[in-house]
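Got a structure open and wondering where its labels come from? Let's go through them together.

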Amino acid sequence: MSKQLSLETELVHVSHKDGNNASVAPVYLSATFKPNSFDDMGEFDYTRSGNPTRATLQQHLSKVMKAKFVYAVNSGMAALDVIVRSLAPGDEVVAGDDLYGGTDRLLTYIKTVNGVKVGHYDTTNLELITSKITKTTKMVFLESPTNPLIKICDLKAIADYAHKQNPECVVVFDNTMMTPLLMSPLELGADIQYESATKYMNGHHDVMAGVLATNSEVLAKKLFFVINATGSGLAPFDSWLMIRGLKTMALRVERQQENAIKIANWLESQNVKVRYPGLKSHPHYELHNKQSRGPGAVLSFETGDVSLSKKIIEACELYSVTVSFGYVCSLISLPCLMSHASISAETRKERDFPEDLIRLCVGIENVDDLIDDLDSAFKKSGFK
Ligand SMILES: *Cc1c(COP(=O)(O)O)cnc(C)c1O
């Protein structure tokens, strides 16, 4: 077939080489592989450098992400680690001020230990962020929508500006919140796209994984060098589970998003202040629509009081009180005490991070059950 297949179709059709014509790609747990002969060493020798199951996953992801080079590693943070290892002391880096907590922690580490110059700025302010990107900027780190503040940045405008200033500048985009289903950062100008596959890509909270994608051969070589040198390539069994999880990604994300849209509208109908890019009340509703194919399934809301937020969370029965997102079950959390506790209270205050903010990561359950659960938690806690 010459027609380009849609992502939903690509996700379920995994091509692989197996001598027994297995329908499902087999898992090769072997750490070592024998050469065919000294003249023909074969494709694989040692799993740190390459493994057939990881290779199947990477080839599959390369079609799904429409990227020439894709690598699967041990976690989203391992993916970021692979990227930042190409930075040298004195290199200048521009980053968002509302990045994932772990990203913030690793960038702070390379700043204090490796002497990389890292500046954090509000990426929603295009004038500000472009004024900080100069001819000597080596890398730009962006995330959109951020979580849980749900801030949106204009990826194309920022990437175009950075490349005009310095064609060698590497624009890095964390696409964990959107997945390849809802956003294509490489098409919008990012040089490297990475995602925590622990979230939606795998979707079942039983694998930690990260994915890196690029269309640049030069960057791909650098990324692979670090992965091979440090041994951060994804383990064979986790690669196999990822292939399985990915098959239902489109179904899961579509249902999660449909539920999230209904919950966001219900919350607004209760006069609650909601942050969700699927609502017209979001200040960057149009920008988000322009650069993505949907608002996703993570939203947050304020109650005005931390102790009230705690009571609501404790009164919920269906939502599990858990960090992370992208799971098939719905999750609820208080980011300032959980996922974002690694950012100091002082920095959270500087960045206008409301301590009472509740984050919902919507799952695939029946949406009426999810709304009823919130409604009764609101009543039990005396919120509404
Ligand atoms: C979870 C997450 C990460 C880190 O991924 P891990 O797989 O937990 O290492 C990075 N970015 C975002 C946006 C995340 O949500």
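Here is a short run of questions and answers on the ligand, a cavity, an aromatic pair and some backbone details.

This is a predicted model, in which local features need pLDDT of at least 70 and side-chain atom pairs count only at pLDDT 80 or more, while totals for chains, interfaces and linings use all residues. Residues are numbered from 1 along each chain as its sequence is written, and side-chain values use heavy atoms, with hydrogens and water left out.

Q: Which residues come nearest to the ligand?
A: Of the 13 residues around the ligand, those are Gly76, Asp174, Ser196, Thr198 and Lys199. To be near, a residue needs a heavy atom within 4 Å of the molecule.

Q: What makes the link between lysine 199 and the ligand a polar contact?
A: A polar contact is a pair of N or O atoms within 3.5 Å (within protein, one must be able to donate a hydrogen and the other to accept it, and residues adjacent in sequence count only if both atoms are side-chain atoms). A polar side-chain atom of lysine 199 sits 2.6 Å from a ligand oxygen, so the pair fits the cut-off. Threonine 198 has a side-chain N or O atom 2.7 Å from an oxygen of the ligand, and glycine 76 brings a polar backbone atom to 2.8 Å from a ligand oxygen.

Q: How much of the ligand does the protein bury?
A: The protein buries 95% of the 380 Å² that the ligand exposes when taken alone. Those areas come from the Shrake-Rupley method with a 1.4 Å probe.

Q: Where is the largest cavity, and what lines it?
A: Its lining is Gln4, Leu5, Ser6, Leu7, Glu10, Lys63, Val64 and Lys66. Helix H1 (7-12) and helix H2 (52-64) each give two or more residues to that lining. About 40 Å³ of space lies inside, and the structure holds one cavity of 30 Å³ or more. A cavity is a set of points on a 1 Å grid over the protein atoms alone where a 1.4 Å probe fits but cannot get out; lining residues have an atom within 4 Å of a point.

Q: Why is the pair of tyrosine 200 and phenylalanine 325 called tilted?
A: Rings pair if their centres lie within 6.5 Å, and planes under 30 degrees apart count as stacked, over 60 as edge-to-face and the rest as tilted. Here the centres are 5.7 Å apart and the planes at 50°, so the pair is tilted. The two residues are 125 residues apart in the chain.

Q: What stands out about the backbone at histidine 205?
A: Histidine 205, a residue other than glycine, has a positive phi, near 50°. Most residues other than glycine have a negative phi.

Q: Which residues does a cis peptide bond with omega about -10° join?
A: Serine 144 and proline 145. Another cis bond, with omega about 10°, joins asparagine 147 and proline 148.

Key: 1 Å grid on protein atoms, 1.4 Å probe; cavity = no way out; pocket = protein on both sides within 12 Å on 5 of 7 lines; lining within 4 Å. Points joined across faces, edges and corners; volume = space filled by probe spheres on them. Helix = DSSP H or I, 4+ residues; strand = E, 2+ residues; numbered from the N terminus. Phe/Tyr/Trp six-rings, centres within 6.5 Å; stacked < 30°, edge-to-face > 60°.
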